[in-house]
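Thanks for making time this morning. I would like to take you through one sheet and a couple of backbone details, and I will go slowly so that you can follow along on the screen.

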Amino acid sequence: MLSKGQNLSLPADVEQIDVVLGWTESDVEVDASALLLNADRKVRSDADFVFYNQPESTDGSIRFLGASGTEEGAQARIAIDLSAVPDDVHTVALGGSVAAGGFGDLGKLALRVVDGAGHTLAEYVTADATTESAFVFGEVYRRNGDWKVRAVGQGWESGLAGLATDFGVDIDDDQDPELTATADTPSDSEESAVVAPPGSTGDAPQLVPELPTTPAAQRKATTRGVRTAKRAVKKSKPLVFGLAEQDTWQPARLFSVIGVGAGEEQERRATSALIATMQAVRPFARAVCARVGAPAGTFEGYVEVAYERGETKVIPDAVLKVARGSRVWTGLLEVKTGSGKLKKEQLENYLDVARKKKYDVVVSLSNDVPASAGELPVEVDRRKLAKVALRHLSWAEVAHEARMLLSHGGIDDDLQAWVLAEFVRYLDHPRSGAVEFVDMGRHWVTVRDAVTAGTLRAGDQKAASVADTWVSLSRHLALRLTAELGVTVKHVLPRRHSTDPVARNAAVAERLSADGVFEAVLRIPETAGDLVVIADVRTNKIRCRTTVDAPNEGASGRRLSWLLKQLKDVPGDVQVEAVFSERGNEACEHIAAVRADPKVLTAGRSGDIVSFCLEQSFPMGGRRSGTAASFISSVTSSADAFYGTVVQQLREWVPAAPKQTEQPRTAEPEGE
């Protein structure tokens with residue numbers, strides 16, 4: 001952990017790094033930026049300012065990858081190819097900015113430098129910011145031929161434009177961004193930029209605009225300097241089929257599910273549908289590619305390309321290409337569907353091919369949902385990651401990106417929206433094999449039975465395996481709600497557990513062995529309280545609860561009335577617990593009984609009600625996998641039901657505006 005002003009040398013064999021800027025308030029959008037500085041700590045030209053409107057340096061060494069939600073808040077990511085940074089660039093300053101307010105409102109700020117496998121090389125955490133609207137977290141710089149990282153922690157109150165200006169960037173925001181075509185804004189004849197709407201980050205990076213590939217010398221600039229104003233989001237209208245004579249009539253599928261088998265045939269179909277959709281729907285291609293570190297640019301995909309490896313051939317499921325100017329980013333894609341598992345040997349073979357061909361990344365895509373963003377479902381030889389990154393995507397994340405674009409903006413072409421909707425329709429069909437999360441793993445039944453019998457111990461390796469799967473399921477719940485609601489839903493974990501999978505799994509296993517329960521806390525913006533999901537294996541019940549603060553004025557009866565007015569349609573079996581200011585006076589009843597006689601919660605209690613806890617129980621499925629009577633489906637359906645019937649109905653108490661005191665008015669004497 002670095003302190004302010006401290007520096008650390010980066011490993012000599014690491015050429016590809018990602019710089020992750022993090023903050024705890026996910027409702028606030030922080031725009032990350034990087035400035036390539038010469039020996040005088042100034043940019044060489046305006047093109048050395050990398051940010052959302054200019055997301056890549058001209059040499060391709062620095063790329064802005066966008067922002068994403070995390071369990072602790074949100075983060076923005078910048079990729080740096082150290083081997084490609086020009087010799088006359090001595091420092092890369094890494095900053096962020098907010099459109100309103102200051103960085104002091106965002107809680108803890110963090111800078112992490114990670115390698116291609118997601119391992120942390122350096123970290124800096126600070127809470128010193130106050131009113132600054134722009135902030136330099138740190139910098140990566142050269143010293144005697146080696147690369148180092150330094151924690152800076154310096155702020156500007158003049159915003160992104162002020163920060164950039166101080167480093168020599170010429171800013172021009174005077175003209176209407178919708179009417180100007182500049183070096184950082186495509187003209188109407190070129191592909192328009194797409195910027196994700198506020199609150200759409202979820203577990204995914206925001207979409208970033210693509211620069212036109214035409215050389216700057218061939219374009220007539222109508223303004224000078226860099227424009228920092230963002231373009232507005234546009235949204236298409238859904239295609240409606242309204243001429244069917246019966247409800248049973250189904251529109252034809254763009255991606256047919258007829259004849260889809262299992263295994264290789266299923267993988268080929270799913271891969272082909274994915275690549276074809278990415279080629280047809282540019283914003284979707286950007287969203288998926290940004291997750292694996294690609295720049296914004298023109299996407300092309302090719303399936304089943306054969307490569308020679310020694311005396312044998314290896315055939316990845318697809319090759320991903322993104323062209324931006326003179327640079328071409330390339331990734332090899334390995335796809336698994338259904339219960340297919342990724343293999344270490346296969347991925348390492350692709351890494352060898354990618355290193356030989358000087359490609360950028362190997363991407364694995366399967367139904368494995370890692371417990372935390374950046375984790376890999378398969379461990380490979382880290383020596384193979386020195387020059388090539390390994391990234392993982394789950395089918396759940398791919399579907400999440402598609403649903404976010406369809407529901408919450410980002411596509412302004414009706415035909416593209418229909419193509420993307422058809423792709424989601426294909427993924428939703430069981431024959432696609434692209435399931436979201438359906439299997440608790442091979443140790444589930446053994447661990448479940450040991451919990452019931454009271455013989456499970458925290459140190460059991462099978463318990464740790466099931467604990468890891470539970471955390472993955474919790475992240476899956478957050479992804480599902482994010483796509484459905486259009487806001488970033490966080491799976492809340494202690495900071496130590498979010499960066500230490502071993503400690504996290506041990507804590508979950510210990511709770512399971514001691515109490516027989518799993519627990520997940522989901523934080524949803526604009527709700528009165530967190531959604532807590534508890535799976536009680538001993539009682540075969542799923543318990544969902546939320547806690548809300550009571551009004552801080554009025555008698556207990558009035559505070560209870562405030563709650564009941566919001567819960568008119570809540571099922572009668574929901575439990576209401578009233579917590580009083582005087583310890584030991586808690587009271588709990590079913591809401592049906594409270595509606596009939598509110599005094600059952602307040603009679604004989606001393607003190608005022610300070611909070612309410614609402615809880616509802618659902619049957620727990622015991623099966624390891626499948627859609628009917630399975631543990632996973634019971635958890636997801638319970639969370640969905642409780643959010644819709646209880647959490648969604650609640651609003652935080654807001655006190656009435658203070659009233660003016662009526663003062664008697666006295667007539668003023670008229671002047672002489």
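Before I count anything, let me say that two strands are taken to pair if DSSP finds at least two bridges between them. Please also keep in mind that this is a predicted model.

With that in hand, let me turn to strands 17 and 18, which run parallel and are joined by 6 bridges; one residue pair to pick out there is Ser364, whose bridge partner in strand 18 is His392. On the other pairing I want to show for strand 17, which covers residues 361–366, strand 16 pairs with strand 17 in the parallel sense over 5 bridges, and Val335 has Leu365 in strand 17 as its bridge partner. Strand 15, residues 318–324, instead pairs with strand 16 in the antiparallel sense, over 7 bridges, with Trp329 of strand 16 as the bridge partner of Val322.

Putting these together, we have an open sheet of 5 strands in the order 12-15-16-17-18, with mixed pairing. Strand 12 (298–303) and strand 18 (389–394) stand at the edges, and because each has a single partner strand, one side of each is left without a neighbour in the sheet. From one strand to the next, the twist averages 25°.

How many of the 9 residues of strand 16 are buried? The count is 8, so to speak of strand 16, residues 327–335, as mostly covered is fair.

Now for the helices. Strand 16, helix 4 (residues 344–357) and strand 17 make a right-handed β-α-β unit, and helix 4 lies across strands 16, 17 and 18, running at about 165° to strand 16. Helix 5, residues 395–408, also lies across strand 16, strand 17 and strand 18, but its direction is given relative to strand 18, at about 70°.

Let me finish with two backbone details, for which the background is that most residues other than glycine have a negative phi. Arg41, which is not a glycine, has a positive phi of about 60°, and Arg41 is placed in the loop between strand 3 (30–37) and strand 4 (49–50). Glu526 likewise has a positive phi, near 65°, and sits in the loop between strand 20 (517–523) and strand 21 (531–536). Are these side chains buried or exposed? Arg41 is partly exposed, with a relative accessible area of 36%, whereas Glu526, at 68% relative accessibility, counts as exposed.

Key. Residues numbered from 1 in each chain as written. Predicted model: local features only at pLDDT ≥ 70, side-chain atom pairs only at ≥ 80, totals over all residues. Heavy atoms only, no water. Buried < 20%, exposed > 50% of the residue type's maximum accessible area, 1.4 Å probe, protein only. Helix = DSSP H or I, 4+ residues; strand = E, 2+ residues; numbered from the N terminus. Right-handed = clockwise from strand over helix to strand, strands pointing away. Axes fitted to C-alpha atoms, helices over the stretch in contact; angles between N-to-C directions. Contact = heavy atoms within 4.5 Å.
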